[in-house]
Amino acid sequence: MSGIREAVIDASAIAHNVAAIRAAVGTAHTMAVVKADGYGHGAVTAARAALAGGADWLGVADIAEGLELRAAGIDAPILAWLHDPFADFEPAVAAGLDLGISTREQLERIAASPSGAASIQLKVETGLNRNGFAEYDWDEVFARAARLQRDGALRVRGVFSHLSNASDADDARAVQAFERALAAARGAGLEVPLRHLASTAGALRRPDARFDLVRIGIGCYGLSPFGDASGADLGLRPAMTLRSRVALVREVEPGAGVSYDLTWRAEQPTRLVLVPLGYADGIPRAASGRGEVWIGGRRHPVRGRIAMDQFVVDIGDAEVAVGDPVVVFGDPAEGYPSADDWAAWSDSINYEVVTRVGPRVARRS
Ligand SMILES: *Cc1c(COP(=O)(O)O)cnc(C)c1O
């Protein structure tokens with residue numbers, strides 16, 4: 001490895017995961033969601049790998065994220081759906097980004113764009129109460145969007161929403177609400193080619209939510225959105241291995257304490273190693289005294305508090321030397337702890353574990 005902190009990104013795993021999900025889902029279109037720097041994997045790396053795996057759309061939250069992909073020379077269709085209330089839409093329209101629209105104000109501003117007719121996708125509210133037009137607005141908004149499209153002011157390419165994944169019944173209600181939105185759009189004379197509702201969870205387990213396109217985020221990275229199935233159970237391979245190397249080895253006597261607040265003390269003579277990764281790098285502090293890492297072919301426990309830059313691991317009498325590789329998480333098929341393990345140790349979810357890997361960690365693919 002090249003640095004003391006690195007996230008090795010397996011682009012072929014991302015391509016494999018997209019291809020595997022496409023084969024299972026069978027929708028006409030597949031959007032790979034690469035927001036938040038590709039869930040921490042590197043947005044450009046993730047986008048290129050996902051396109052190689054058969055994705056034909058890319059999804060991001062912010063316009064800036066879409067522009068970063070365009071600047072890297074990626075010309076695939078891109079949808080950005082979460083906007084600063086004072087966002088300047090011109091760079092996005094000029095770069096050919098599709099814009100997810102959730103308010104009348106956004107609709108009117110984009111219709112007035114001097115950069116030409118923008119391609120938009122109307123977001124509708126179906127239960128999450130995040131963004132999207134509420135049902136009482138649908139008739140009016142669809143009529144207005146149809147009018148603007150007839151006038152050549154914009155093009156309505158999609159209608160979409162998002163599931164809560166709270167329960168089968170909640171998602172079924174959301175599918176019904178979405179069907180009502182599509183009927184309202186048709187009633188207003190809008191024939192939209194892209195109707196989409198499902199993210200990874202809905203795509204894999206709710207055929208009635210697939211429509212024309214599925215938006216796949218976590219699955220691209222080889223991780224599962226489900227509590228009752230691992231990535232491997234879904235035929236996916238984790239794309240990120242978070243690695244470091246042993247910075248120091250020391251022997252301690254019984255009673256020796258470790259790290260801030262001395263929350264752990266040795267009960268017998270043992271050997272401790274220092275790992276130069278901390279919560280600034282995304283190692284969850286909540287996993288202090290609970291996590292495990294792989295060193296020299298097996299897993300060893302983290303002792304004491306995880307600090308900003310470092311944590312301590314108890315290796316007992318294992319043969320470990322300064323400079324030996326440490327794997328914090330990676331593919332459990334290789335014996336490494338997984339992002340799911342770190343999620344369990346920190347009362348979180350695998351999404352947060354990979355997305356929070358910090359800027360000091362070099363991404364290598
Ligand atoms: C993040 C996001 C997704 C991707 O969700 P996953 O669970 O990671 O597949 C899809 N759609 C929207 C609107 C999102 O915000």
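Which pocket is the space taken by the ligand? In this predicted model, the ligand takes up the space of the largest pocket.

## Around the ligand

Let's start with the neighbours. The residues that surround the ligand are V33, K35, Y39, W81, H162, S199, T200, R215, I216, G217, I218 and Y351. By type, this shell divides into six nonpolar, four polar and two charged residues.

Which elements give two or more residues to the shell around the ligand? They are α2, covering residues 35-39, and β9, covering residues 213-216.

## Polar contacts and burial

Some of these neighbours also make polar contacts, and you may like to look at them one by one. K35 places a polar side-chain atom 2.7 Å from an oxygen atom of the ligand. From R215, a polar side-chain atom lies 2.8 Å from a ligand nitrogen atom. With G217 the backbone is involved: a backbone N or O atom of G217 lies 2.9 Å from an oxygen atom of the ligand.

How much of the ligand does the protein bury? Taken alone, the ligand exposes 390 Å², and the protein buries 93% of that.

## Strands β15, β16 and β17

Now for another part of the chain. Strand β15 (residues 292-295) and strand β16 (residues 298-303) run antiparallel and are joined by four bridges. In one pairing, V293 has H300 in β16 as its bridge partner. The two strands β15 and β16 form a hairpin, with two residues between them. In the turn, G296 has a positive phi of about 60°.

Strand β16 also pairs with strand β17 (residues 311-314), again in the antiparallel sense, over two bridges. Here the bridge partner of V302 is V313 in β17. Strand β16 is thus joined to β15 by four bridges and to β17 by two bridges.

Methods: Residues are numbered from 1 along each chain as its sequence is written. This is a predicted model: local features need pLDDT of at least 70, side-chain atom pairs count only at pLDDT 80 or more; totals for chains, interfaces and linings use all residues. Side-chain values use heavy atoms; hydrogens and water are left out. Two strands pair if DSSP finds at least two bridges between them. A residue is near a molecule or strand if one of its heavy atoms lies within 4 Å of it. A polar contact is a pair of N or O atoms within 3.5 Å; within protein, one must be able to donate a hydrogen and the other to accept it, and residues adjacent in sequence count only if both atoms are side-chain atoms. Accessible areas come from the Shrake-Rupley method with a 1.4 Å probe; for residues, only the protein chains shown count as cover. On a 1 Å grid over the protein atoms alone, a cavity is a set of points where a 1.4 Å probe fits but cannot get out, and a pocket is an open set with protein on both sides within 12 Å along at least five of seven lines; lining residues have an atom within 4 Å of a point. A molecule sits in a cavity or pocket if more than half of its atoms lie within 2 Å of its grid points. Ala, Val, Leu, Ile, Met, Phe, Trp, Tyr, Cys and Pro count as nonpolar, Asp, Glu, Lys and Arg as charged, and the others, Gly among them, as polar.
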